Amino acid sequence: MPDQLEHLPRLTHLLPCREAQIKTLLLLLGEPEHYSYPSIFIYGHRASGKSHVTLTLLKELKMPHVVVNCVECVSLGLLFEHVLLSLFGSSHTSLPRGPSLSDFVRLYRQLCSEDPAKQTRYIVLDHAELLRDMSANLLPGFLRLQELVEDNVTVIFLSEIVWDKFRPNTGCFEPLLLHFPDYSKVELQQILAQDSCPSYSPELYSSYISILLGVFYSVCRDLRELRHLAALNFPKFCEPLEKGEAKESDAHKLWRNIEPHLKKAMQTVYLREVSSVQWEEQQQKEEKEVGELRGLSAYTHVELPYYSKFLLIAAYLASYNPARTDRRFFLKNHGRIKKTNFLKKHEKTSNHLLGPKPFPLDRLLAIFYSVVDSRVAPTASIFSQISSLVTLQLLTQVGHDDQLDSPKYKCAVSLGFVRAIARTVSFDIVRYLYDFL
Amino acid sequence: MSKRKVKDQQLTVGQCVCQVGLCHIRIRVHRILRERFCFQKLPSAPVGLESQHKHLLELLKRTAIHGESNSVLIVGPRGAGKTMLLKSVLNELLDVKEVKSNILLVQLNGLLQTDDRIALKEITRQLNLENVVGDKVFGSFAENLAFLLEALKKGDRSSSRPVLFTLDEFDLFTHHKNQTLLYNLFDISQSAQTPVAVVGLTCRVDVLELLEKRVKSRFSHRQIQALSPMDFPQYVELVQQQLSLPQEFPDGRFAHEWNNSVKALCEDKSVEDVLRKHFNLSKDFRSLHMLLFLALSCVTPSNPTIKPSLLLEASRLCTMDCKANMLHGLSILELCLIIAMKHLNDHYQDEPFNFEMVYNEFKKFLQRKSHSVHSFEKPVVIKAFEHLQQLELIRPVDGSASRTQKEYQLMKLLLDHTQVMEALQRYPQCPTDVKQWATSAFG
């Protein structure tokens, strides 16, 4: 019986929790030899099965299709060539150098007249949001490709971003919008529980998954990320069972064992501070405390020369303190300043919320001489250290109008970083910061 | 299971067609209607554009038969039937025998022919003059075009053949350098060397403002507005006409029954509500076709006719709010960040904010009243913030990404107050304290 829906049970078995979407897609695509809507735009969150479902569908139904990942297509020529090659075979590559959309359509029509479509051809464009940056007429062109080439062809766009952000300002052929909703917690559990370990019971694995979701669900709903985390941490979960300290039924004991470990994982592996290989190694070593391993961010500490450290500290102070407070902080005999006036602050104006302010070179040097105890001659090396701090991207130069005459800078390091630097020269930076007074 | 259902239906309807036969008929229905909705197959007569049709046909006939040069612009919104109008006119024009052997057709599209060099190549190709031009070198664009038209003159007989240029997306041709193509086309049509008709299709009303002065002065200022003064009863009639099967459908009885069911559908009260909603949104054919296509695609053996419920479902699919859908899939941490941003917007009158401010706001919430949301490390929150930026729910105020640290980059929220609140209502298992935080005015 010629009915598209006969494939439904088979496909739902392959693609769990996506029954409604498969059904809609099957109905929209219709019989192979029928026309389908010129363009279908599928959107949804990352890892909600957009490309997987579409590709499996097209593959299982054996429809002529081509999948293009727009990330790979750095030039239009690559994109066009890929589409033509996979739709019509490799007999011809007569695209000119640097082809335009016009060449593509002309060639497509020519090839199509030699080999007319018996079935709908599908062009799937993954990461379609990149099409917007390519060429102004590319997206409208693909949206009405069916009309331009007069062939039975359907373009499917896949993206994470909603259609509203795609529409060109003079309008275009509106595609059919299809939403892939996110997986609910139950569905996530169901999908994750599928890849269970053969040496343990499926119930154990699914209880492990529910613990994992309990920790991570409020932060992350990305199926791929969760699956990765589940695979990484499962050996640790099974450790008490292997040692014989607990049985499979001791749910509470297993939970007590794994939960702090998972919380640690959120701060390390989830943020890719620690790579997964390191994480696995560490689990095996066992005696070392988890997280003792230094993550990526711990390496941001750099060795600087003595005066560079003070220059950086001075730059930080200049960036985050208002200039009117300099007298009070850095002069020995400052005049009388009304305390009430000085301390009047508003939360909104706190510089640690608003970000660093630019400062002139003179102010930087003045603060620098004030915080360094010894006498420093303003030699060429001091000035070259400032410019090398700029190349290290610890300072940034603001406004490139003048290189020599009173340049302005901004400090681009965090408080934690500068505190670590200040500690090495035993300078208490917090005492000098207006925000923490 | 579905088979049996169909059988029951057949028995009740009392049709004597066998199972397989019915399926074939249904497939044929799909083929006809899908071709109509998706491929924009030409209707037998233009709908609602009769006078424009007559006008254009007259004009093009004068070029084709009498050798008079003309230029005309068809202006109308997207999906109003401009291409359909032109195509049906051309169809009718080419049916006339003396025209068919005589006229040459050149179709250009602003999307494809993005500059004059490509356009000229395409003109050469469509006039089948590639071998004539060969490796000749021309001094200017005008010389080249003149040569092409000259070649036509000598090619067939002593009299010149009329050429009909159709320029789809006409407004894009005005962005070409110096508008050379347009200038030369209009110039030829003015100076009456060769009979040339230039038909432009555009959706921009201000298209004449885009033309340079010298181009504008050569254009005939003849415009055809493709706007149909359609009211709601006509709209419903159009729906019925679009859905019904043609006379020449092989199985007459089935077609009759189908058309009757469509008629009944259009008289249904709930369908009328749906259609009125769509009518109020837009009157163009494309959005109507999308609606009808969605409804049609659900016609399967298990539900053999279009029912009001299918149309309701299709309308729901058409008018879904994309952003609300995306908000539904955010994690609770990301939702909390959005609420914090909303509070910042409320306090500081839509001034841009940076990550530190949002984090500060979020921390205040955690310290004060949260029991359900745990505190997260700052890098985890940054990751959530970056995800929001990837989804383009927030946008940096200035594009310079690398200049400032990412914590201090100024951002704007691209959602409004009601969208956030609505998303919160629909969010599955939203903690109560988060909801309260969102509704409270004090952040």
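These questions and answers concern a predicted model.

Colleague: How far apart are the centres of domain 1 of chain A and domain 3 of chain A?

Modeller: Domain 1 of chain A is assigned to residues 3-179, and domain 3 to residues 306-436. Taken over C-alpha atoms, their centres are separated by 56 Å.

Colleague: Between which domains of chain A does the largest nonpolar core lie?

Modeller: This core has 191 residues, and those with the most contacts inside it include L79(A), F142(A) and F216(A). Its largest share, ten residues, is from helix α19 (residues 332-347) of chain B. In chain A, two domains both give residues to the core, so it lies between domain 1 (3-179) and domain 2 (185-292).

Colleague: Which residues does F142(A) touch, not counting those up to four places away in sequence?

Modeller: F142(A) is among the residues with the most contacts inside the largest nonpolar core. With residues up to four places away in sequence left out, F142(A) touches L79(A), F80(A), F104(A), L125(A), V155(A) and F157(A).

Colleague: Are the buried residues of α14(B) on the same side or on opposite sides?

Modeller: The buried residues are F254(B), A255(B), W258(B), V262(B), L265(B) and C266(B). H256(B) and E267(B) are exposed on the other side of the helix. The buried residues cover an arc of only 110 degrees around the axis, which means that they are on the same side.

Colleague: Which residue caps the N-terminal end of α14(B)?

Modeller: The helix covers residues 252-267 of chain B. A side-chain oxygen of the capping residue lies 3.2 Å from the backbone nitrogen of R253(B). That residue is D251(B).

How values were computed:
Residues are numbered from 1 along each chain as its sequence is written. Chains are lettered from A and ligands numbered from 1 in the order in which they are written. This is a predicted model: local features need pLDDT of at least 70, side-chain atom pairs count only at pLDDT 80 or more; totals for chains, interfaces and linings use all residues. Side-chain values use heavy atoms; hydrogens and water are left out. Domain bounds come from an automatic or database domain assignment. A nonpolar core is a set of buried Ala, Val, Leu, Ile, Met, Phe, Trp, Tyr and Cys residues joined through side-chain atoms within 4.5 Å. Buried means under 20% relative accessible area, exposed over 50%, partly exposed in between (1.4 Å probe, protein chains only). Helices (H or I, at least four residues) and strands (E, at least two) are DSSP runs, numbered from the N terminus. Contact means heavy atoms within 4.5 Å. The expected span of a helix is 1.5 Å times one less than its number of residues. The arc is that of the directions from the helix axis to the C-beta atoms. A polar contact is a pair of N or O atoms within 3.5 Å; within protein, one must be able to donate a hydrogen and the other to accept it, and residues adjacent in sequence count only if both atoms are side-chain atoms.
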